[in-house]
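Here is a friendly briefing on the structure below. Have a look at it, then follow the bullet points topic by topic.

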Amino acid sequence: MEHVTCCVAGGGPAGVMLGLLLARAGVRVAVLEKHDDFLHDFRGDTVHPSTLRLLDELGLGERFAALPRRELTEMRMRINGETVVAADFGRLRGRHPYIAMVPQWDFLELLADAEPALDLRMGTEITGLRREHGRVTGVTYRDASGDGELAADLVVACDGRDSVVRRAAGLRPREFPVPMDVWSVRVPASPHAERDGRVFGVFGGGQAAVTMDRGDYFQTSYLIRKGDDARLRAQGIEWFRERLGALFGWAPDVLSVIRSWDDVKLLETTMGRLPRWYADGLLCLGDAAHTMSPVGGVGVNLAVQDAVAAARILAGPLLSGRVSTKDLAKVQKRRELPVRVIQRQQLGEHDMLLRPALDGTLTELPAPLRAVRRFPALAAVTAYLGGVGLRPEHAPAFARPRGR
């Protein structure tokens, strides 16, 4: 049977980053991705300052800068007519005082092409786990040739919030209540639209929506109360176009491109965290370990940070052929605090802002936003928490080009 040192399930940002780093360490690693390509809409397209710095450390900064992208420097909110700069990334120190908006498939292609030793197997769907004496020893999979098995010293689940590997291992996350689902839609930017590299959110009057400047269009998320999708779609697409127009001042001719509900994608949100991210021979990272709320768009950044910490901690044990549960526990210990803090912050924003906005009971700026409006320098603190976060990870020495 074919054997690799590490089998990574899922070719998203965490999986490909982990594969890249371990390959640079000399670990024999295979990344299995069920899709045939990376071209999938409505994946997280935000690349945060800490990830941008990481790309510089890996020698990939110039190649990333050549990709088509937008730079977002502010997060503004309008709540019942009052506007506040909730986060000002331009105040951050360093080379990247902004969030880069890049199609995720371009980001993943960049990582996948950066290391020739990375064994990335597209069109390979993991169907289950191999076990011996209670330890995970590999995976079963299906590809174009049929069913197969791959033995591995360690399996890492990076296959998202609906992780097949996590479920096969019998690991169950603790779920947190989420008040909303999200409609995602693209609205073309008219020639006279203000395109200034901002994220703009509108809250109040029973509505909540956020739009991001993507150059020739606005990537827009319209929040609905959880479970209301079918009921609201019954009101017709014209109702939705009118709501968007009233929120953002978009003209009817601009919104006419939203021809039917087929143009509006439902993203069912969940939020949770595994009490234990690992089992003997298995580790979960990213959404497989901790599903994040869409608030702040931090999921991709956290997943990448998980991958960097895991590579740094596990490269040595993997090369020596001795990966213990103590090694895996070190990864969780390193990354759990940032995850807990951000999830607590997200739950607070749900209660403080989103739930009242959707219920129509949001009547004034919440206290933290009043403080930011009174003391604008605080917008740098919120930008740091969202764009860099606690315990930002740096590229391991073994993964850096010489001189970096």
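Strands β10 (residues 135–143) and β11 run antiparallel to each other and are joined by 6 bridges; strands here are DSSP E runs of at least two residues and helices are H or I runs of at least four, numbered from the N terminus. Two strands are said to pair if DSSP finds at least two bridges between them. Please keep in mind that this is a predicted model, in which local features need pLDDT of at least 70 and side-chain atom pairs count only at pLDDT 80 or more, while totals for chains, interfaces and linings use all residues. Residues are numbered from 1 along each chain as its sequence is written, and side-chain values use heavy atoms, with hydrogens and water left out.

**Around strand β11**

- A hairpin is formed by β10 and β11, with 2 residues between them.
- Within this pairing, Gly138 has Ala151 in β11 as its bridge partner.
- Strand β1 (residues 3–9) pairs with β11 (residues 146–157) in the parallel sense, over 6 bridges.
- Which residue of β11 is the bridge partner of His3? It is Ala151.
- Strand β20 (residues 282–284) is a parallel partner of β11 too, with 3 bridges, and there Val155 is matched with Leu282.

**The sheet of 7 strands**

- An open sheet of 7 strands has the order β6-β5-β14-β15-β16-β13-β17, with mixed pairing.
- Its edge strands, each pairing on one side only, are β6 and β17 (265–267).
- From one strand to the next, the twist averages 20° (axes are lines fitted to C-alpha atoms, for helices over the stretch in contact, and angles run from 0 to 180 degrees between N-to-C directions).
- Strand β13 (residues 180–188) runs antiparallel to β17, and 3 bridges join the two.
- Opposite Val182 you will find Leu267 in β17.

**Strand β5 and the loop after it**

- Glu74 belongs to strand β5 (residues 74–79).
- Is Glu74 buried or exposed? Glu74 counts as buried because its relative accessibility is 14% (buried means under 20% relative accessible area, exposed over 50%, and partly exposed in between, with a 1.4 Å probe and protein chains only).
- The side chains of Glu74 and Arg76 make a polar contact at 2.8 Å. Such a contact is a pair of N or O atoms within 3.5 Å; within protein, one must be able to donate a hydrogen and the other to accept it, and residues adjacent in sequence count only if both atoms are side-chain atoms.
- Asn80 sits in the loop between β5 and β6 (82–88), where its phi is near 50°, a positive value in a residue other than glycine.
- With a relative accessible area of 38%, Asn80 is partly exposed.

**The sheet of 3 strands**

- Another open sheet has 3 strands in the order β12-β18-β21, with antiparallel pairing.
- Here β12 (174–175) and β21 (290–291) are the edge strands, each pairing on one side only.
- Antiparallel pairing of β12 with strand β18 (residues 272–273) takes place over 2 bridges, and Glu175 stands opposite Gly272 in β18.

**Helices α9 and α10**

- Helix α9 (residues 299–320) has 22 residues that should span 32 Å at 1.5 Å a residue, and its end C-alpha atoms are indeed 32 Å apart (the expected span is 1.5 Å times one less than the number of residues).
- Because 16 of its 22 residues are buried, α9 is largely enclosed by the rest of the structure.
- At Leu314, shortly before the proline Pro317, α9 has a kink of about 45°; the bend at a residue is the angle between axes fitted to the seven residues ending there and the seven starting there.
- Gly321, just after α9, takes a positive phi of about 80°.
- Helix α10 (residues 325–359) bends by about 40° at His350, and just after α10 Gly360 takes a positive phi of about 80°.

**Helix α11 and the segment after α12**

- Val372 is part of helix α11 (residues 367–374) and is buried, at a relative accessible area of 7%.
- Leaving out residues up to four places away in sequence, Val372 touches Val84, Val85, Ala86, Leu378 and Ala379 (contact means heavy atoms within 4.5 Å).
- Between the C-alpha atoms of Val372 and Gln235, 137 residues apart along the chain, the separation is 38 Å.
- In the segment after α12 (378–387) lies Arg391, which has a positive phi of about 50° although it is not a glycine.
- Arg391 is partly exposed, with a relative accessible area of 34%.
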